[in-house]
Amino acid sequence: MSPVDDSVKGMAERVKTGQISAQSLVSSCFQYIRQVEPKVHALLAHDEELAMEKARALDRLPLSERRELRLAGIPLVVKDNLVTEDLDTTAGSRILEGFRSPYTASVVKRAEEQGAIVVAKSNLDEFGMGSSTEHSVYGPTMNPWDFSRVPGGSSGGSAAAVAAGMAPLALGSDTGGSIRQPAAFCGIVGIKPTYGRVSRYGLIAYASSLDQVGPLARTVEDTALLLQVISGHDPLDATSAQMPVPDYLAQLDRPLQGLRVGVPREYFGDGIDANVKMVVEDVLERLKQEGVSMVEIDMPHTQYAVAAYYLLAPAEASSNLSRFDGVRYGLRVPAGDLRTLYQRTRAQGMGDEVRRRVLLGTHVLSAGYYDQYYVRAQKVRALIRRDFERAFEQVDLVVTPSAPELPFALGSRADDPMKMYLSDICTVTANLAGLPALSVPAGFESGLPVGIQWIGPAWSEDLLLRVGRMVERVVVRPPWPKL
Amino acid sequence: MPYQVVVGLEVHVELKTKTKLFCQCANAFGSEPNTHTCPVCLAMPGALPVLNQAAVELAVKAGIALQCTIHCHSKFDRKQYFYPDLPKAYQISQYDLPFAEWGHVNIVADGQRKQVRIRRIHMEEDAGKLNHLGQSLEQSEGSLVDLNRAGVPLIEIVSEPDMTSADEARRYLTELRAVLSYLDVSDLRMEEGSMRCDANVSLKPEDYTGSLEDLPRVEVKNVNSIRNVGRAIEYEIERQSERLAQGQRIIKETRGFDDARGRTYSQRSKEEANDYRYFPEPDLPPLVLDSSWLARLQAALPMLPDAWRERLESLGLSANEIEVLVQDPSQIQFLQEAMEMTTEVRALTRWMLADMLRLLNERGLSFAQSPVRPAQLVELLNFIADGRISGRMAKEILENMFVSGESAGQLVDRLGMAQISDDAVLRGQVAEVIAEHGKVVDDYHSGKERALGFLVGQVMKRTRGQASPEVVNRLLKEALGSSVS
C-alpha cells in the first residue's frame, strides 16, 4: 500500500516529532515503488541506498533542527530534466544516457535543504517536448487511472508517480502546459508559476523564455507547500525575480469574497471535448452557488497561440539544444571529421520529435524567415499578453479547461504531431504571457480525470491556490487508483 | 583605372575583469588548460549566464572615452554556430542593439587631422582555444579544447570604413590603443590576444557611386600586431590592384595573414558564409543602464590623449615630445603627479623624455614601475632651479638615485656635490685663471668668443665642476671687462 496520505504537512509533522522516521517513510516508498512501477513506468534513475542514507542522516538530526524542515523526510520525485549530482539526468534522451551532472538544480537543492528526499527521477517526453510522455527513449509512462492511456506530458512521469502514490510530491517543468496537462490527466494538482517566480538554474532548457519549474501534488495544500519552498530569487538565474514570496500556506483558507472569474468563450468552443466541457461547467456552476461571479469574456488572439508557441518554442529549443554536440559530455558518435561527428551524434542521440522541433526552430530563425516567423510570433505573443491584461481589468482570474480532451490512448497520436500539438491549446497562453496557472481536478468522466485551469495575473499564485482550495471543496473526488 | 582604398577595422578587446562575463570563473591568461571553468562556461545542461556588472562598467567606460552615444537600453543576442571552442554552440553577443554607437577617434595623417568614425561597440563573450596536435593543421592528429578563455568579456569596436591607407589604419589602431590604455580596461596585448584586429579592405573605383557595403570586401582576420595590420593591408591593396588590373574580380572572402611571408592567404569564401541565426538571448534581461550611473562614470573618466595634447601644447611642448608622452599612460600619470608639485613643465618633460626614459629603458621598466617617483624627480629639478647643482651634476645624481634609491638631497650631501655660486669664493678662482692665461684673455679682447668658454672651463676644472657655470660666466665677463678699461 502507498505510504502517501493526503497531507504532506501532516507527514512532515510526524517525521519532525519522531512519530515516524524518515527511514521508514522512504523505505516504504521504495517498497511500494517496486510493486507498482513496473505497471506505470513513471521513473528513471533512482538509488534506494542513497535515499536511505539521506533519510538516516535526517533522522539523526537533533529535534531542534529537524523541526525547522518544512519537508522533513518527504519523498520527492524530480523530473529528469532537472540536473542532480546524485542521480543521472537524461532528459529522456539518448544523447544524455548515463549523464551525471557536476551540480544540482537550485530547486532540488532548496527542496533538499528543507528535508525532502529525492527518491527518483521521473520520465518525460524527451527534453520536455511532447504532451504524452511517449517521446521518451526510455519508454512511455502509463496513466495510473487507466494503463492503456497516456498520463499527459511532458511531466507525465512526475504526475503519474504522484497519482500512483509513489511519492506525495514531484517537481515538473512547464513550457506549454507540461505540468498542468499531465496533472489534469492524472487527477492531481499542478501549478506553473509566474515566469521568474522559480529558478531555472539546473533545468535543462527547452524554451528559456517559456520554461518554469513547478510542483505537482495530490492536494492544493501540498502544492502550496512545495511551491513555497522552491520560490524566490536565485542569483544564478538572471530571469528569476527579486519579488518577495508570500506565505502561501497561511493564506490558503482565507475566504474569497466577491471573486470575479472570466470565462473566455475561446476556451469553451470548438476543439474542446464535450465531456470535458460539461465537467468544467459543472464546477463553475457549483462555484457560482458559493458566491463566485462568472463573466463571459473575449480573448480574441487565443486562436493564434498554438501557432505562435510552435514557432517560438522550437526556435529557442534549436538554440538551447545545440550544446549537445558530442564534444564535452553525453553521447559521441565518432567520425573522421568534425561535421560528421556533429551530424551523427545529434542524429543518433535525439529522437524524432526533438529533431522535428530543432529543424523547425532552425528554419524559423534562418535568414529570410526570421521576420516572417519569429518576429510575427513575438507580435502574437504581445497580443496574447494584452488579451490577459484587458481581461484582468475586468476579472480577478480566468478559468478554462486544463486540456481539451480526456487522457487519450497510448500510441493514438504517434503519427499525428499536429493533433498532439493541439493538446496544448488550453495551456500555452499562460506560458506566452508569463502568467501563473493552476490545474486542479474538476471531476471524472468515464473513470478518467478532468482538470480545470485557473490563470491569474503575474504573482497571483496565492490567489490561484485559494481558488484551487475552493474547487477541492466543491468537487467530490473518488479514491486513488488501487494498483 | 585608379582606385580609392577603403579600410574598416574590427577590433576585439578583452576586458580586464577579475571574472568572466557570465560566470564566476577567473579571467586569467596562461593557466593550465580548463582550470578556469565551471558549469556555465562549459555549457553544462541547465546552466545559465549571469551578467558581470564589472565588465559592463569597463565596456561603458571605453564607449564614453571613444566618444560614443551610450544606449541606456540594449540587449544580448545569441550568435549561433557549431565549433568545439564554443561550448554552447552560440556566442552571447549584441546584435541589433549594441550598448554604444556613433563614436570616433582622431588621428593625424599626412599632417592633417582626421576623424575615423566608430560605428558601434558591443559586448560579447570570447570563445575557448583549440590546440591542434601534430605538425600542421592539415596533418593534425587531433585537437584539444581549452575553455579557460571561453566566456572572457570582450568588446568589439567596429569602425566605419573611413581609412584610406595602411598608414591611417595603423594610426587609428595606435590612437585607439592609447585611449583605451588610459582607462585601464584591458591589457591590450596583441601578442597575447587581449587585443585583436580584423581588417576589411576593398578598392573603390573612382567612378563608383554605389554603397560601400556592396563593394567586394576582403576581411583579413586576427592579425597579431599593429605593424602587421599595416603590412596585411598594404599586401591586400597590392594584391587586389593587380587582380583588377588583370581584369579579374575581387572575391568577397576571409583571409589570414602569414607573418613570415608578409602575405595574406585565403581562408574561406564569404559567399558560403554562415547564417548565424541571431535572436534575443532569453536567459538575460535587457541591459538597462542608469543615467545617473552613466554620468558618474563619465565624470570619473581620466583626462584622455587629445585633452593632454591640448594641455601640453599650451605649455609649449613640441609636437614630437607630446606624441611620445601621450602614447604611454604611465608617462602621463607620472607627468601629472609631478605637475602637481612644480610649474617647470618644460624642464620636467625634458628630463622625463631624456634621462628618465633612458634609465628606465636600460632597466626594462615603465614609468609606473620607476624607482624614482615624481616627487623625487621634482626635488632634483628644484635643486637645479635653485642653482644648488648644475645640470651635469643632476644627471649623475639621477643615475645614483636609480641605483641606491636615495633622494637627491641625500646624494648631494653624500657626494659633496653642492654647487658653488658664492661670488666671493669664485672671484679668486676667476682672477687666478685670468692671470694664468694672458694669451687667451688677449684673444677674448680681440673678439674671439670661444675664448670665454675656455676660461669658464678652466674655472670649472679648478672647482671640480662644482662652480655654477652661470655665475662663473658673469664673473669672468665682469673681470675681463674691467681689465680692458
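Good morning, everyone; between chain B and chain A the count is 1 salt bridge, and I should say at the outset that we are looking at a predicted model. That salt bridge joins A:Arg200 to B:Asp283, with the closest N and O atoms 3.0 Å apart. Polar contacts also cross this interface, where the rule finds 16 residue pairs, both residues in each at pLDDT 80 or more. On the side of chain B that touches chain A, strand S4 (77–80) and strand S15 (279–280) of chain B each supply at least two residues, and the residues of that side divide into 24 nonpolar, 2 polar and 5 charged.

Let me turn to the extent of the contact, which takes 31 residues from chain B and 38 residues from chain A. The size of an interface is often given as the accessible area lost when the parts come together. Here the area buried between the two chains is about 2,700 Å², and carbon and sulfur atoms give 61% of that area. Within chain B, the residues that lose the most area to chain A are B:Pro45, B:Leu48 and B:Phe82, which together account for 23% of what that side buries.

Finally, a helix pair inside chain B: helix H1 (residues 53–65) and helix H4 (residues 291–299) have axes that come within 10 Å and cross at roughly 65 degrees, and the crossing of H1(B) with H4(B) is right-handed. Which residues meet there? From H1(B) they are B:Val56, B:Glu57, B:Val60, B:Lys61 and B:Ile64, and from H4(B) they are B:Trp293, B:Leu294, B:Leu297 and B:Gln298. The residues of this helix contact divide into 6 nonpolar, 1 polar and 2 charged.

How values were computed: Residues are numbered from 1 along each chain as its sequence is written. Chains are lettered from A and ligands numbered from 1 in the order in which they are written. This is a predicted model: local features need pLDDT of at least 70, side-chain atom pairs count only at pLDDT 80 or more; totals for chains, interfaces and linings use all residues. Side-chain values use heavy atoms; hydrogens and water are left out. Contact means heavy atoms within 4.5 Å. Buried area is the accessible area (1.4 Å probe) that two parts lose on being put together, summed over both. A salt bridge is a side-chain nitrogen of Lys or Arg within 4 Å of a carboxyl oxygen of Asp or Glu. A polar contact is a pair of N or O atoms within 3.5 Å; within protein, one must be able to donate a hydrogen and the other to accept it, and residues adjacent in sequence count only if both atoms are side-chain atoms. Helices (H or I, at least four residues) and strands (E, at least two) are DSSP runs, numbered from the N terminus. Ala, Val, Leu, Ile, Met, Phe, Trp, Tyr, Cys and Pro count as nonpolar, Asp, Glu, Lys and Arg as charged, and the others, Gly among them, as polar. Axes are lines fitted to C-alpha atoms, for helices over the stretch in contact, and angles run from 0 to 180 degrees between N-to-C directions. A crossing is left-handed if the near helix is turned anticlockwise from the far one by less than a right angle, and right-handed if clockwise.
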